[in-house]
Amino acid sequence: MSEESDEALLLRYAAGDQAAARALTLRLTPRAYAHACRMLGIPAEAEDVTQDALMRLWRVAPDWRPGEALVTTWLYRVVANLCTDRLRRARGVALEAVPEPEDDQVSAPERLQQQSRAAALQAALNRLPERQRQAVILRHIDGLSNPQIAEIMEIGVEAVESLTARGKRALTADLVGKRDELGYTDG
Amino acid sequence: MLESYFQAANEVAPEPSGRLMSRVLEDALAAQPASEALRSAPVVGGLWRDFLRAVGGWPAMAGLVSATVAGLWLGIAPPAALPGATIAYLGLDDASYPVDAAPGLGFDLSEEAL
């Protein structure tokens, strides 16, 4: 059985179906939050952005025009815009100094290493220009296609390719110095 | 090299707290338009309320229901004495005949029967 599309759920939500409200919350909140977290690097701020972005989705639902845009594209765009607003307001704050998310679980060494790598990547992402950061996250972490990223960022596909290429070069240069520190020997 | 970092980032993806999920769901339900069924419900309730008010509220409604049930019962199973009493009242069992004392009223009882 195929999974019901985000758009179908949104239309059911707009018709007053509470089950659709729950399904959309479960499906979209983790994606919006993860993207906001990676863009901002601050979980508390990412929570506010996520709640704000989804509130905008709930409000626009009755006027949603089927087939015009993917719900996820719309949501990523709103999340990105809200993150950009916050980053501009917070300019000057050393984002790389932001504490990492807490994890109460006792981790195996391998998981610790993965966490270290993820934290190093996040710190390097925080040092990228906003547009490069957004393009790299959408392409290489969220796994979206270049045309979808182009739609989210409201630029051409070539511009997306250029942003991700420059972003990846900058990340590589930034992370090379961390490899020995992280016990990174597998390339 | 970068691919391994991206893979690590995916494996330890930030996850929303239960508190955030609850807040988002509360927002969703609070902002949700009412369903068609819910939208039509107040109209029905309004008509019913208007009717109740017009007949005098619940006590009057109880009287109406009692009278309706009693009438229905009499129609289904009339008491055995009723036809005879009615005939006697109307005086149709003797030689009297109906007198229309006031033709303008349309229907009158036989004066002999009274």
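**Exercise 1. A loop residue in chain A**

Where is the place of A:Glu154 in chain A? Once you have found it, describe its phi and its surroundings.

*Solution.* This is a predicted model, so treat each step as a reading of a prediction.
- Step 1: A:Glu154 sits in the loop between α7 (146-153) and α8 (157-176) of chain A.
- Step 2: The phi of A:Glu154 is near 55°, which is a positive value in a residue other than glycine.
- Step 3: Set that against the general rule that most residues other than glycine have a negative phi.
- Step 4: Count the neighbours: 10 other C-beta atoms lie within 10 Å of A:Glu154. The cut-off for an exposed residue is 12 or fewer, so A:Glu154 is exposed.

**Exercise 2. The face of a helix**

Work out which residues of α1(A) are buried and how they are arranged around the helix axis.

*Solution.*
- Step 1: In helix α1 (residues 6-14) of chain A, the buried residues are A:Leu9, A:Leu10 and A:Tyr13.
- Step 2: Looking down the axis of α1(A), you find these buried residues within an arc of 100°, so they line one face of the helix.
- Step 3: Now ask what they meet: the buried residues of α1(A) pack against α2 (18-40) and α4 (71-89) of chain A.
- Step 4: Move past the end of the helix. α1(A) is followed by A:Gly16, which has a positive phi, near 100°.

**Exercise 3. From a helix to the core**

Describe α3(A), then follow A:Ala53 into the largest nonpolar core.

*Solution.*
- Step 1: Helix α3 (residues 43-60) of chain A has 18 residues. From its first C-alpha to its last it reaches 26 Å, close to the 26 Å expected at 1.5 Å a residue.
- Step 2: Buried residues of α3(A) include A:Pro43, A:Val49, A:Ala53, A:Leu57 and A:Trp58.
- Step 3: The buried residues of α3(A) pack against α2 and α4 of chain A, and also against α2 of chain B.
- Step 4: Take A:Ala53 and leave aside its neighbours within four places in sequence. A:Ala53 is then in contact with A:Ala32, A:Leu75, A:Val78, A:Val79 and A:Leu82.
- Step 5: The largest nonpolar core has 56 residues, and A:Ala36, A:Ala53, A:Leu75 and A:Val79 have the most contacts inside it. The element that gives the most to this core is α2(A), with 11 residues.

**Exercise 4. Two chains side by side**

Outline the make-up of chain A and chain B, and then describe how they touch.

*Solution.*
- Step 1: Chain A has 8 helices and 0 strands, while chain B has 5 helices and 0 strands.
- Step 2: Of the 187 residues of chain A, 36% count as buried; in chain B, buried residues make up 8% of 114.
- Step 3: For the interface, 29 residues of chain B are in contact with 38 residues of chain A. On the chain B side, α1 (2-11), α2 (18-31) and α3 (36-55) each supply at least two residues. The largest share, 9 residues, comes from α2(B).
- Step 4: Sort that side of chain B by residue type, and you get 20 nonpolar, 4 polar and 5 charged.
- Step 5: Finish with the confidence scores. Chain B has a mean pLDDT of 68, with 32% of its residues at 70 or more. The model scores ipTM 0.81 and pTM 0.65.

How values were computed:
Residues are numbered from 1 along each chain as its sequence is written. Chains are lettered from A and ligands numbered from 1 in the order in which they are written. This is a predicted model: local features need pLDDT of at least 70, side-chain atom pairs count only at pLDDT 80 or more; totals for chains, interfaces and linings use all residues. Two residues are in contact if their C-beta atoms, placed from the backbone, lie within 7 Å. Helices (H or I, at least four residues) and strands (E, at least two) are DSSP runs, numbered from the N terminus. Ala, Val, Leu, Ile, Met, Phe, Trp, Tyr, Cys and Pro count as nonpolar, Asp, Glu, Lys and Arg as charged, and the others, Gly among them, as polar. A residue is buried if 20 or more other C-beta atoms lie within 10 Å of its own, exposed if 12 or fewer, and partly exposed in between; C-beta atoms are placed from the backbone. The arc is that of the directions from the helix axis to the C-beta atoms. A nonpolar core is a set of buried Ala, Val, Leu, Ile, Met, Phe, Trp, Tyr and Cys residues joined through C-beta atoms within 7 Å. pLDDT is the predictor's confidence in each residue, from 0 to 100. The expected span of a helix is 1.5 Å times one less than its number of residues.
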